[in-house]
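Subject: The structure, and what turned up in it

Hello,

Here is the structure I promised to pass on. Have a look at it first, and then read on for what I found.

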Protein chains: 2
Amino acid sequence: VARVALDAMGGDRAPLETVLGAAAAAERGYDVILVGDRSILAPMVVDHESYLPIVHASEVIGMHEDAVRAIREKPDASVSVAARLVRDGIVSAFVSAGSTGAALATAAITIGRLDGVDRPAIATMLPTPDSPTVLIDSGANPDCRPEYFPQFALMGAVIAEVHFGLEQPRVGLLNIGEEKGKGRELEKAAYELLEATPVNFIGNVEGRDLSSDAVDVLVTDGFTGNVVLKTTEGTAQFVAQMALDAMATMSLEDQKRVLPVLSGLRARLDYETFGGAHLVGSRGVVVIAHGASSSVAIANAIALAADGADRDLVNRLADRVA
Amino acid sequence: VARVALDAMGGDRAPLETVLGAAAAAERGYDVILVGDRSILAPMVVDHESYLPIVHASEVIGMHEDAVRAIREKPDASVSVAARLVRDGIVSAFVSAGSTGAALATAAITIGRLDGVDRPAIATMLPTPDSPTVLIDSGANPDCRPEYFPQFALMGAVIAEVHFGLEQPRVGLLNIGEEKGKGRELEKAAYELLEATPVNFIGNVEGRDLSSDAVDVLVTDGFTGNVVLKTTEGTAQFVAQMALDAMATMSLEDQKRVLPVLSGLRARLDYETFGGAHLVGSRGVVVIAHGASSSVAIANAIALAADGADRDLVNRLADRVA
């Protein structure tokens, strides 16, 4: 199995949840290296049965720092040390739940882009009733040019093939109407380019299909992608909270009957299932985890990274976009 | 009470659901005029106890026609006849569940814009645990310039004041991070302009706060607004479907206990509650209803339009943006 470096200092709940997540992944057979301050991490690792090697990094980048400047000014930041382990071939992938901007910046500077890729993009997997939908770009590039969309489409299709075993995944353009000619100037131009791209392009898809099985890969700019991603999270939480409030009005006996059903539901909806999102277009496997990641999410992000590396994700992407 | 014209021919489920909705609104004391083909509508109205006058319109604009061209080529379209009733002061408002583009076009051509408004915008009300959130623009202007955002903010605040009785509603800019300086060039420029606008601007707000009580008015461009609106619908439906699937595994006895609780939940989440969205910036009250509107949604859209007219919405908007 591929070896994965985890930025153990990145994330709102680091390092406790990151270390617990790494331990959980190691227990599932994954090969994980912790990257971070050894004086903090070493005492935490002693408690775990699985062996978790530590690569020391003396600095940390906070969630609210200017990412590009921080990457320059803190060469020994945990996320940058993790990226260098990928660049140098010591590990096959790195995972970070820290500042997304910092992970993007260090991936660009340290690891570099694949030939044929103008902008690496974040490919997030959204739960749907059937096979998950890949949303790309979900946050790396707020301002996009139409020329990026065919690249996003090709890379998103590779993710759907590699992780969900789909052949000819259906690629849709996120838009405000189904007919050709809808949307901004950006979508109108992107539509033309996507028609000429060697993917299974099914045309425009609307926001309500984000959680449906109507499409396998949804292409959009990084601003729209990030907003809709957080919107689905907020809406799902809102509905779940309403359901809990409603349940609280039931008798204790009835609540006991409903609880197992709700727990099953939670697992199906859980955004922790994938734990992270691939940054595609980089010359290495990079997985960006949610800032609020629990140990469960971290373990699943490590699994996603290792599976991507084991399935030769980067070479398959390189072949497709070249 | 204000008199409202209903485009009885507009919508996926017209004219049956529109007529039923008008009848329901009339029974609640609203004053409604049906606009559409008399030969179709007259036999349907006979069945209802409430008196529903009909203004004849010989043409209909379909959901997939080119809206601007259709408005020009079909002067007797039901939506245009309804708009002329507003322009001529015969009614105080019009409601349409037909093509949004056609309603926007006829409002612009027939009724015109308020002074100080570059672009009329759609202000949609989203359910949240507490007071609803106004999302503006939710679809009228896919491509926006930063200068439109202060106008959206002022108009959205008036909607929150008029319909929810809020004083100094909190206005947020929909963005991909909370810090100033986040987002596209569009958001960076709009942020500066919003800081100088006489509204209670609280800064950037993320997609996950769309369903929260953190903000009262959410300002964004019409592309992003439309996509997130449909995303919340899709996600809520998805979660509801998952819940139903989970419930189906319970015993019939248990299902009977849970059903009343779920029904209450449905009412709180229901996007039919408001039935429609104000087109603000027009020189008249215009309410755009969901294309798939049921009679319940139509009745609530009529109520929204009448309440807006009764509360002097257009003059209050005119004073604010002048």
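The buried residues of α1(A) are covered by, among others, β1 (3-7), β2 (31-36), α2 (38-45) and α10 of chain A. Contact here means heavy atoms within 4.5 Å. Those buried residues are A:Glu17, A:Thr18, A:Val19, A:Gly21, A:Ala22, A:Ala23, A:Ala25 and A:Ala26. "Buried" stands for under 20% relative accessible area, "exposed" for over 50%, and "partly exposed" for what falls in between (1.4 Å probe, protein chains only).

Before going further, some housekeeping. This is a predicted model, in which local features need pLDDT of at least 70 and side-chain atom pairs count only at pLDDT 80 or more, while totals for chains, interfaces and linings use all residues. Residues are numbered from 1 along each chain as its sequence is written, chains are lettered from A and ligands numbered from 1 in the order in which they are written, and side-chain values use heavy atoms, with hydrogens and water left out. Helices (H or I, at least four residues) and strands (E, at least two) are DSSP runs, numbered from the N terminus.

Back to α1(A). Its twelve residues should span 16 Å at 1.5 Å a residue, and the end C-alpha atoms are 17 Å apart, which agrees. The expected span is 1.5 Å times one less than the number of residues. Ahead of the helix, the peptide bond from A:Ala14 to A:Pro15 is cis, with omega near 0°; A:Pro15 sits in the loop between β1 and α1 of chain A. Just after α1(A) comes A:Gly29, with a positive phi of about 100°.

How does α1(A) cross α10(A)? The axes of α1 (residues 16-27) and α10 (residues 295-310) of chain A come within 7 Å and cross at roughly 50°. That makes α1(A) oblique to α10(A). Axes are lines fitted to C-alpha atoms, for helices over the stretch in contact, and the angles run from 0 to 180 degrees between N-to-C directions. Under 35 degrees counts as roughly parallel, over 145 as roughly antiparallel, 65 to 115 as roughly perpendicular, and the rest as oblique. The crossing is right-handed, meaning that the near helix is turned clockwise from the far one by less than a right angle (anticlockwise would be left-handed).

On the α1(A) side, the contact uses A:Glu17, A:Thr18, A:Leu20, A:Gly21, A:Ala22, A:Ala24 and A:Ala25, which meet A:Ser295, A:Ile298, A:Ala299 and A:Ile302 in α10(A). The residues of this contact divide into seven nonpolar, three polar and one charged. Nonpolar covers Ala, Val, Leu, Ile, Met, Phe, Trp, Tyr, Cys and Pro; charged covers Asp, Glu, Lys and Arg; the others, Gly among them, are polar.

A:Ile298 turns up again next to A:Ala97, in the loop between β4 (93-96) and α5 (100-111) of chain A. The C-alpha atoms of A:Ala97 and A:Ile298 are separated by 7.9 Å, although the two are 201 residues apart along the chain. A:Ala97 is buried, with a relative accessible area of 1%. Leaving aside residues up to four places away in sequence, A:Ala97 touches A:Gly10, A:Gly11, A:Met63, A:Ala289, A:His290, A:Gly291, A:Ser293 and A:Ile298.

As for α5(A), its twelve residues reach 15 Å from first C-alpha to last, close to the 16 Å expected. Its buried residues include A:Ala102, A:Leu104 and A:Ile111, and their cover includes α3 (67-73), α4 (78-87) and β4 of chain A. Just after α5(A), A:Gly112 has a positive phi of about 85°.

The other helix pair is α6 (residues 148-164) with α11 (residues 313-321) of chain A, whose axes come within 10 Å and cross at roughly 140°. That makes α6(A) oblique to α11(A). The contact residues of α6(A) with α11(A) divide into eight nonpolar, no polar and three charged.

Two loops beside α6 are worth a look. The peptide bond from A:Ile136 to A:Asp137 is cis, with omega near 5°, and A:Asp137 lies in the loop between β6 (133-136) and α6 of chain A. A:Gln168, in the loop between α6 and β7 (170-174) of chain A, has a phi near 50°, a positive value in a residue other than glycine. A:Gln168 counts as exposed, at 59% relative accessibility.

Best wishes
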